[in-house]
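Thanks for coming, everyone. I'll keep this short. Please have the model open while I talk.

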Amino acid sequence: MSELAQFETLLKQTMGLNAKSVGLAMIERAVRDRCAVNGALDIAAYWRQVKESPAELQELIELVVVPETWFFRNGEAFKALARLALSHTLRSDRRLRILSLPCSTGEEPYSMAMALLDAGVSSTRFHIDALDISACCIAMAQRATYGMNSFRGKDLEFRDRHFVAVGERYALAETVRSKVRFRRGNLFEPALLADESGYDFIFCRNVLIYFGDAEQAQAVSVLNRLLSETGMLFVGPSEGGVLFREKMVSANLPLAFAFRKTAAAPPSQTNSALPVSRSAESKPDVPARARSAWTPRPGAAPARPVYGQGQGQAQGRASLAPRRSDVVPASAPVSRESSDNDPIAVAARLADQGQLREAAQLCKRHVQDHGPTAAAFYLLGLVSDAAGHHREAREHYRKTLYLDPDHTEALVHLAALLEMHGDTAGARQMNDRARRSTTRHLN
Ligand SMILES: C[S@@+](CC[C@H](N)C(=O)[O-])C[C@H]1O[C@@H](n2cnc3c(N)ncnc32)[C@H](O)[C@@H]1O
């Protein structure tokens, strides 16, 4: 085995990393950097240091992680979380247990806390644990001060509510910070969170894509152990396929990429932590609206913030495929029938049920019959992403952007894909565009 291949194997065994997902060059660079810092004569000498020192292995890990994250990333998941949590607190006194793993620099767990507090869930009724393998990420999360890169959506009202500007950065309020407990943790530690009881909600988003098949399966079995019987697991848009493969069951929450345990019997209405997906509480996943209906009705101000549904989108910009009502619907819910008439909304539901091919067919037929729309291509992008067809996904996101150059979600998804495939410059360009479109919107 070559000297570098030894490091690849070690990182795979320790943290699940599939070297190809980040590029072999990244691993080589990390090893060479650490060689230099440690004054190791060559890679063989550094290998001996790493084998003898867990602290040095951690230093190496710090250089190969991809901590890319931002507030309210893939916003539908936070809407679903807030709706379900609110519904739970109306039915039960039990405090909700929530886990963000990996949490990176904290934007994800803090977004959970903000979504719940803004939805009216009392701060005493939930608790969030947040773990990441990177000690540097955890330290940054605990500082809770963020730059512009962490704010990428169009709707930044949450920033006005929960942050104060400090120079060019934003410091998070203690009310939100106090809801999250951070610690370092590796998904592949055998005794990870062994002393904790099951979590009602787990977000494990945008990390499975960096693992090999066997490690993905291992990670899902760990997540299954950590999830309560009626709990719900949220993954990233490209990761649904892994959970279908591991026989988890879609929770049918469009574009939230949420799953339940294989054997979870539908909980009874009286004693379960969480409603089953088609119960009254999860109804807000239904009212997807046709694009023209995304325009807010005159005078109908939202009762609650509508994450990921910025003004630009509400004014009819073709965006995240179907628009749904929010944590607390701003207006009367649209009937199931109306969403059934919207092929893109139907396609989104099919995608959430794992029927990716059918969802794609519906979108393609829609394009054939009605001409290209950003909404159809964006959903095609998500579906290809979920199926692991990254090249196709990139094409679809590009077509979305051709039709709607300011489509923030397509920009950030494309950036993530480019980053994943080693095109850091391309990813930066897309992220810059996403930021500029946000700024334009705010001005
Ligand atoms: C792309 S970020 C995702 C953060 C957040 N969940 C999100 O979706 O925005 C991936 C994170 O996974 C962490 N990570 C990688 N391997 C891990 C492992 N084996 N256990 C825990 N965290 C890990 C990295 O440190 C990095 O912060």
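**Inside the model: cavities, a pocket and packed helices**

Let's start with a lining. In the largest cavity, the lining residues fall into 24 nonpolar, eight polar and seven charged. Keep in mind that this is a predicted model.

How big is that largest cavity? Its volume is about 600 Å³. A total of 39 residues line the largest cavity. Nearest its centre are Val66, Pro102, Asn206, Val207 and Tyr210. Which element gives the largest share of this lining? That is helix α19, residues 408–420, with six residues. Overall, the count is four cavities of 30 Å³ or more. As background, rolling a probe the size of a water molecule over the atoms shows where empty space is left.

Stay with Pro102 for a moment. We just met Pro102 beside the centre of the largest cavity. Pro102 sits in the loop between β1 (96–100) and α7 (107–119). Is the peptide bond from Leu101 to Pro102 cis or trans? The bond is cis, and its omega is near 5°.

There is another backbone detail to look at. Phe72 has a phi near 55°. That is a positive value, and Phe72 is not a glycine. Where is Phe72? Look in the loop between α5 (54–64) and α6 (76–91). Why point these out? Because most residues other than glycine have a negative phi, and most peptide bonds are trans.

Next, a pocket. The second largest pocket holds about 370 Å³ of space. Its lining has 19 residues, and Ile209, Gln216, Ser238, Gly388 and His390 are the closest to the centre. Three elements give two or more residues to that lining: α2 (19–22), α11 (213–226) and α12 (240–245). The largest share is three residues, and α12 provides it. By class, the lining of the second largest pocket has six nonpolar, nine polar and four charged residues.

Hold on to His390. His390 is among the residues closest to the centre of the second largest pocket. His390 is also one of the α18 residues that meet α17. That takes us to the helices.

Two packed helices are described by the angle between their axes and the distance between the axes. We'll go through two pairs.

First pair: α16 (residues 356–370) and α17 (residues 374–386). Their axes come within 9 Å and cross at roughly 160°. So α16 runs roughly antiparallel to α17. Is the crossing left-handed or right-handed? For α16 and α17 it is left-handed. On the α16 side, the contact residues are Leu356, Ala359, Ala360, Cys363, Lys364, His366 and Val367. On the α17 side, they are Ala376, Phe377, Leu379, Leu380, Val383 and Ala386. The classes in this contact are eleven nonpolar, one polar and one charged.

Second pair: α17 again, now with α18 (residues 390–403). Here the axes come within 8 Å, and the crossing angle is roughly 165°. Therefore α17 is roughly antiparallel to α18. The crossing of α17 and α18 is left-handed. From α17, the residues in contact include Ala374, Phe377, Tyr378 and Leu380. From α18, they include His390, Glu392, Ala393 and His396. What are the classes here? The contact of α17 with α18 has eight nonpolar, five polar and three charged residues.

One last thing to find on screen: Phe377. In α17, Phe377 is among the residues that meet α16. Phe377 is also among those that meet α18.

That's my tour. Thank you.

Conventions
Residues numbered from 1 in each chain as written. Predicted model: local features only at pLDDT ≥ 70, side-chain atom pairs only at ≥ 80, totals over all residues. Heavy atoms only, no water. Axes fitted to C-alpha atoms, helices over the stretch in contact; angles between N-to-C directions. Helix = DSSP H or I, 4+ residues; strand = E, 2+ residues; numbered from the N terminus. Parallel < 35°, antiparallel > 145°, perpendicular 65-115°, else oblique. Left-handed = near helix turned anticlockwise from the far one by under 90°. Contact = heavy atoms within 4.5 Å. Nonpolar A, V, L, I, M, F, W, Y, C, P; charged D, E, K, R; others polar. 1 Å grid on protein atoms, 1.4 Å probe; cavity = no way out; pocket = protein on both sides within 12 Å on 5 of 7 lines; lining within 4 Å. Points joined across faces, edges and corners; volume = space filled by probe spheres on them.
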